[in-house]
Amino acid sequence: MNLDVIRTTLGGRQAVEGPAYRPEFIRPVDDAGLHRLNALLEQGVVVHDTLHAQLMELVKSLRPEIVFTRDDLEAAALAHLNGTDPIRYGVWVHYPWSHRLVHLLDEAEFALVRTDRNRNKITRAEQELLSSKKVGVIGLSVGQSVSLTLALERSFGEIRLADHDTLELSNLNRIRSGVHEMGTPKVLNTAREIAELDPFLRVSIFPEGITKANMDRFFCEGGDLDLLIEECDSVDIKILARQKAKALRIPVVMDMSDRGCLDVERFDLEPARPLMHGWIDHLDLEAAGRPMTNEQKIPYMLPIVGTDTLSTRMKASMIEMGETVSTWPQLASAVALGGAMTADVHRRILLGQFTASGRWYIDLEALIADQKGNPKEHATTTPMGAVDPEGIVNAVIRELPPVKQPMSRELAEELAHAAALAPSAGNMQPWNFILAEGRFFLFHDKVRSRSHWDPDHLMAHIALGTCLENIRLAASAKGIALSIDTRSAALDDALIAVIEAGPVSTPMEEVLFPWITKRCTNRKVVDRVLFPSEHEAQLRNVVEFVPGCGLRIFTDPADLERFAELCSRSEKIRLLDPTGHREFFEHEVRWTEEEAKQSGDGLDLATMEMTEGQMAALRIAADPAAMRLVDEWRGGRGLQRFSRKGIANASAVAVVTTRGRALMDRLEGGRAGQRLWMEANRLGWAVHPISAPVFLTHAAPLLGDLAEHHRSELAMVEKELSRFFTGEDLPLFMLRLSPAGEPSARSLRLPLHRLLSVHGSITA
Ligand SMILES: Cc1cc2nc3c(=O)[nH]c(=O)nc-3n(C[C@H](O)[C@H](O)[C@H](O)COP(=O)(O)O)c2cc1C
């Protein structure tokens with residue numbers, strides 16, 4: 001057969017279905033009724049006539065105290081007709097969309113029998129009261145399940161349904177319907193199901209969804225709603241609908257279909273109650289009515305869904321959104337549970353049996369769970385022995401000749417102040433200083449820099465190098481040449497440098513000195529501008545000032561794109577690895593201003609320059625259980641978004657290289673990095689270090705507990721990265737440069753009195 005013939009016939013078919021959702025009632029008590037019945041029968045409708053069985057059920061419902069025999073029941077059913085021809089009894093209901101004609105008891109008797117088994121969980125009087133109630137449902141995924149459960153319990157007389165979507169195949173994991181209904185508006189689909197269950201329930205539909213234009217009609221036409229069930233995805237409608245409900249004193253119930261979360265707002269009893277329990281009070285609620293971008297919607301959405309309280313799988317799936325899943329998941333079991341919980345609460349509210357507002361969880365996974373054994377121990381952070389700096393100083397001083405030019409306390413304080421302004425990974429400030437017997441000692445505080453992911457302190461040593469450069473610059477600006485002895489220190493030593501002051505001479509003309517205080521990290525992401533070659537030369541000069549250090553500058557967008565991929569992959573691995581995750585989220589991040597102020601260290605969220613969306617993602621990513629799942633799924637590409645764009649859009653990536661990774665290379669590399677950073681800032685470039693690819697690939701071979709898939713991905717990163725660095729030079733400290741202006745916030749520092757201790761005489 002020709003396919004075109006089939007196509008044409010199919011094309012014609014689709015148009016046949018009308019938008020009908022209200023059944024037609026035919027009561028053949030007169031000729032008009034009989035004619036209509038006859039006409040329908042002639043059209044060949046499918047007839048379902050079980051009136052006699054319904055009558056028998058009615059008789060039993062009316063006389064529950066009697067135990068009828070089959071014959072008695074048959075006779076009682078006939079007697080109930082009281083001589084009326086069964087054809088004329090009750091009502092014939094025509095469903096035009098399915099061409100069915102169904103013979104039913106009329107409304108009062110129908111309702112009595114259909115709700116008989118509700119008794120006395122719902123009494124007849126309560127049922128009667130409920131049949132006078134009007135409920136509105138916005139959003140028909142959970143909303144469909146709620147509406148049908150309400151219809152089953154018959155806990156309303158009128159329902160208004162709003163949703164602008166049509167049923168799709170991917171809805172059929174949770175919306176109970178037939179495959180033949182795909183393409184049908186969800187409101188029609190639900191309205192028809194309700195009518196097929198109980199044609200006497202009044203249903204109105206809003207197939208355009210809720211809009212500002214139809215809001216009044218939805219809430220008020222035919223009488224104000226008694227209760228609103230809000231299950232839509234759109235944040236502006238969530239807010240607008242609540243504003244309206246509050247103005248009209250209508251209670252709002254919402255199920256979240258995650259962890260059995262149910263939300264109730266009793267605007268009927270508490271007319272002054274803030275929307276969403278006050279969680280969105282700080283936002284401009286009027287703005288919710290104006291068009292918003294997805295990014296603008298996030299601050300409104302997050303408190304409503306409660307990012308921190310989502311289930312682990314929901315969080316993990318959200319991290320995968322836009323990568324391996326297209327939207328958030330919703331299960332039939334959750335939707336069914338939501339229908340049940342909402343219907344239960346709806347009924348009790350309308351019957352005056354429940355008065356509270358709040359959020360509740362019927363979290364099945366938590367309530368019905370295996371007995372938990374001892375949670376598996378995670379790898380612990382490498383313990384670091386605490387050192388005794390005074391003891392070390394004491395021992396060292398014994399070996400040293402008397403100091404020629406004892407350093408004053410005042411100078412020591414100035415140097416310590418400059419040193420403490422140096423940058424450090426995670427702003428951990430892994431240093432302390434001692435002035436003893438005229439010498440200044442720089443110590444590595446290994447407790448502060450302890451990191452499983454940096455077992456031999458690569459990052460701390462670079463930071464100590466930046467610290468040394470600040471010390472040198474601060475002295476030099478005062479005309480003091482320092483003798484900085486780092487030569488006897490080894491990788492594992494706590495004492496990094498013994499510093500002596502030389503005689504005062506003319507202050508050096510140091511352009512970099514003022515940048516000790518002005519230098520900062522700026523993580524803003526802006527579009528690239530051309531990086532001028534003369535800047536490259538200036539940066540090279542300041543770096544090569546430090547012996548053994550080199551500079552590579554990358555400005556080719558293709559190279560930057562590659563760097564972006566490699567860096568963001570390594571950052572992803574750090575967050576997916578359980579220990580890396582714990583170190584970052586538990587030790588480094590400071591979630592609030594108070595936390596940042598109190599600790600004086602760590603990464604203040606305000607300095608991260610994140611969009612609302614990224615901040616939400618970070619909060620979700622902070623859940624170790626969610627990240628374990630993401631890792632199990634071998635996902636996490638979404639985590640790369642934290643850093644990818646910034647690097648891909650940078651004007652340049654600058655890398656300080658060294659000959660090796662011995663302590664001296666690290667310290668000198670740190671010094672060169674600090675000079676590079678200051679000079680870049682001086683030239684107007686915003687600087688954002690990106691250390692993950694270097695320190696993770698450096699650490700990987702030293703870590704015994706690294707998952708194999710992370711090890712192999714890091715090996716790939718290292719291999720790809722090495723293509724950019726030929727010859728003997730190794731990348732040590734990598735920074736991205738961009739024209740981002742000033743950062744939104746500056747990071748804090750520990751108070752100096754915690755870092756510097758001064759001893760006139762330390763020896764006993
Ligand atoms: C060795 C080193 C590595 C760093 N690595 C990163 C990094 O990977 N990502 C990042 O955002 N900042 C990084 N930083 C920046 C520090 O977090 C920052 O210097 C610190 O928070 C202090 O802030 P400030 O630079 O504004 O003074 C690094 C800094 C140093 C010294």
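Begin at the ligand in this predicted model, and select the residues around it: 20 residues surround the ligand, and the closest are Pro423, Asn427, Thr521, Ser691 and Ser747. If you colour this shell by residue character, you will find ten nonpolar, eight polar and two charged residues. Next, show the secondary structure around the ligand and pick out α17 (458–477) and β20 (686–689), each of which supplies at least two residues of the shell. Of the elements that contribute, α17 gives the largest share, four residues.

Now colour the chain by domain, with domain 1 at 16–114, domain 2 at 120–365, domain 3 at 389–510 and domain 4 at 516–738. With these colours on, return briefly to the ligand, where domain 3 and domain 4 each provide at least three residues of the shell. Then zoom out and compare the positions of domain 1 and domain 4, whose centres, taken over C-alpha atoms, are separated by 75 Å.

For the next stop, select residues 24–26 and 46–49, which are β1 and β2, the edge strands of an open sheet, each pairing on one side only. Four strands make up this sheet, in the order β1-β3-β4-β2, and their pairing is mixed. Ignoring direction, neighbouring strands here are turned by 20 degrees against each other on average. Follow β1 to its partner β3 (residues 91–95), to which it is joined by three bridges in an antiparallel arrangement; if you display side chains here, isoleucine 26 is found opposite tryptophan 92 in β3. Add helix α2 (residues 31–42) to the selection, and you will see it packed on this sheet, where it touches β1, β3 and β4 (100–104) and has a direction at about 120 degrees to that of β1.

Move on to another open sheet, this one of seven strands with mixed pairing, which reads β7-β6-β5-β8-β9-β10-β11 in order. To find its edges, select β7 (202–206) and β11 (358–361), each of which pairs on one side only. From one strand to the next, the twist averages 15 degrees.

Two helices can be added to this view. Helix α8 (residues 186–197) lies across β6 (158–162) and β7, and runs at about 175 degrees to β7. Helix α10 (residues 235–248) packs on the sheet as well, touching β5 (134–138), β8 (227–230), β9 and β10, with a direction that makes about 170 degrees with that of β8.

Finish by isolating β9 (residues 252–255) and β10 (residues 261–265), which run antiparallel and are joined by four bridges. Between these two strands of a hairpin lie five residues, and serine 257 in the turn has a positive phi of about 45 degrees. Across the pair, valine 253 stands opposite valine 264 in β10, and aspartate 255 stands opposite leucine 262. On the other pairing of β10, four bridges join this strand to β11, again antiparallel, and here the bridge partner of leucine 262 is tryptophan 360 in β11.

With β10 still selected, which of its residues are buried on each side? Cys261, Asp263 and Glu265 are buried on one side, and Leu262 and Val264 on the other, so that both faces of the strand are covered. Five of the five residues of β10 are therefore buried, a term that here requires 20 or more other C-beta atoms within 10 Å of a residue's own.

How values were computed: Residues are numbered from 1 along each chain as its sequence is written. This is a predicted model: local features need pLDDT of at least 70, side-chain atom pairs count only at pLDDT 80 or more; totals for chains, interfaces and linings use all residues. Two strands pair if DSSP finds at least two bridges between them. Axes are lines fitted to C-alpha atoms, for helices over the stretch in contact, and angles run from 0 to 180 degrees between N-to-C directions. Two residues are in contact if their C-beta atoms, placed from the backbone, lie within 7 Å. Domain bounds come from an automatic or database domain assignment. A residue is near a molecule or strand if its C-beta atom, placed from the backbone, lies within 6 Å of it. Ala, Val, Leu, Ile, Met, Phe, Trp, Tyr, Cys and Pro count as nonpolar, Asp, Glu, Lys and Arg as charged, and the others, Gly among them, as polar. A residue is buried if 20 or more other C-beta atoms lie within 10 Å of its own, exposed if 12 or fewer, and partly exposed in between; C-beta atoms are placed from the backbone.
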